[in-house]
Amino acid sequence: MKLQDRHALITGGAGSIGLATARVFCAEGARVTLADLPGPALEAACAALPAGRARAVALDVTRSDDWRRAVAAAIEAFGPLDVVFSNAGNSGVIAPVVDYPEDVFDSVLAVHVRGAFLACKHGLPAMRDGGSLVICSSVAGMRGDPGVSAYITAKHAQVGLMRSVSKEAAARRIRINTVHPGPVGNDFQKDLEQRLSTVLGEDATAFFDRLIPLGRHAHADEIARAVLWLASDDSSFTTGTTLMVDGGMNV
């Protein structure tokens, strides 16, 4: 039981990667505070987890006051944090930079970059020494592609944040890392690929599969197991690093 009696806070908890990670964490003995925007998706995700081992907390990751309330509620339910998985995200639009809507650009950076910053700002003081904070970046955080300037920028910025905070948190033996999924077979990716297919003039799912040496999209639980490794003592001497889980796409 790699996370026996530990407490993990997961943002974007109603999404496929967030929920898959929560399931893996619970199976490894953790108690989970599942955080996402309020609504039935969050409640359904929490209900899918073992009874008594999870609590749902409404959270807009871009709002500092929400973070204060969410962390306080998490501690009240299960005690200090041992793991924070900053996983909330949005995709923006697909458009050349000269046409990219400024409000959408701001929104994408707010969720990914400000959200991860606030996860560090409010999560670290609530964590026990020796814990782990994982930021979900993307293969997009290691490459440049046309039409997605906001998403690419945000995912690169998360890496810079991680590298800076990893040195600040090291004195408390708290490890800070980013995980970088490639395309995942989930609704988030499906929505992106439907829009991208129009731009490419071909099926974007097949297009991505050709770019991935392993020849397929990831399953959400494959990403979750990578996050588990970073969250557990198995990665006890790993901090400030970028873990690629992309089927070789970025090689």
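Student: Which exposed residues does the face of α2 turned away from its buried side carry?

Tutor: Happy to look at that in this predicted model. Helix α2 spans residues 40–47, and its buried residues are Leu42, Ala45 and Cys46. These buried residues cover an arc of only 95° around the axis, so they lie on the same side of α2. The face turned away from that buried side carries the exposed residues Pro40 and Ala47.

Student: What do the buried residues of α2 pack against?

Tutor: Recall that the buried set is Leu42, Ala45 and Cys46. Their packing partners are one helix and two strands: α1 (16–27), β2 (31–36) and β3 (54–58).

Student: Are α4 and α5 roughly parallel or roughly antiparallel?

Tutor: Good one! Helix α4 covers residues 102–123 and helix α5 covers residues 149–169; their axes are 9 Å apart and the packing angle is about 15°. Angles under 35 degrees count as roughly parallel. Therefore α4 is, relative to α5, roughly parallel.

Student: How many nonpolar, polar and charged residues does the contact of α4 with α5 have?

Tutor: On the α4 side, the contact includes Phe105, Leu109 and Phe117, while α5 contributes residues including Tyr151, Lys155 and Leu161. Sorted by class, the contact of α4 with α5 has 13 nonpolar, 4 polar and 1 charged residues.

Student: Is Gly130 buried or partly exposed?

Tutor: Let's place Gly130 in strand β5, residues 127–136. Gly130 touches Arg172, Arg173, Ile174 and Arg175, leaving aside residues up to four places away in sequence. Buried would need under 20% relative accessible area. Because its relative accessibility is 23%, Gly130 counts as partly exposed.

Methods. Residues numbered from 1 in each chain as written. Predicted model: local features only at pLDDT ≥ 70, side-chain atom pairs only at ≥ 80, totals over all residues. Heavy atoms only, no water. Axes fitted to C-alpha atoms, helices over the stretch in contact; angles between N-to-C directions. Helix = DSSP H or I, 4+ residues; strand = E, 2+ residues; numbered from the N terminus. Parallel < 35°, antiparallel > 145°, perpendicular 65-115°, else oblique. Contact = heavy atoms within 4.5 Å. Nonpolar A, V, L, I, M, F, W, Y, C, P; charged D, E, K, R; others polar. Buried < 20%, exposed > 50% of the residue type's maximum accessible area, 1.4 Å probe, protein only. Arc of directions from axis to C-beta.
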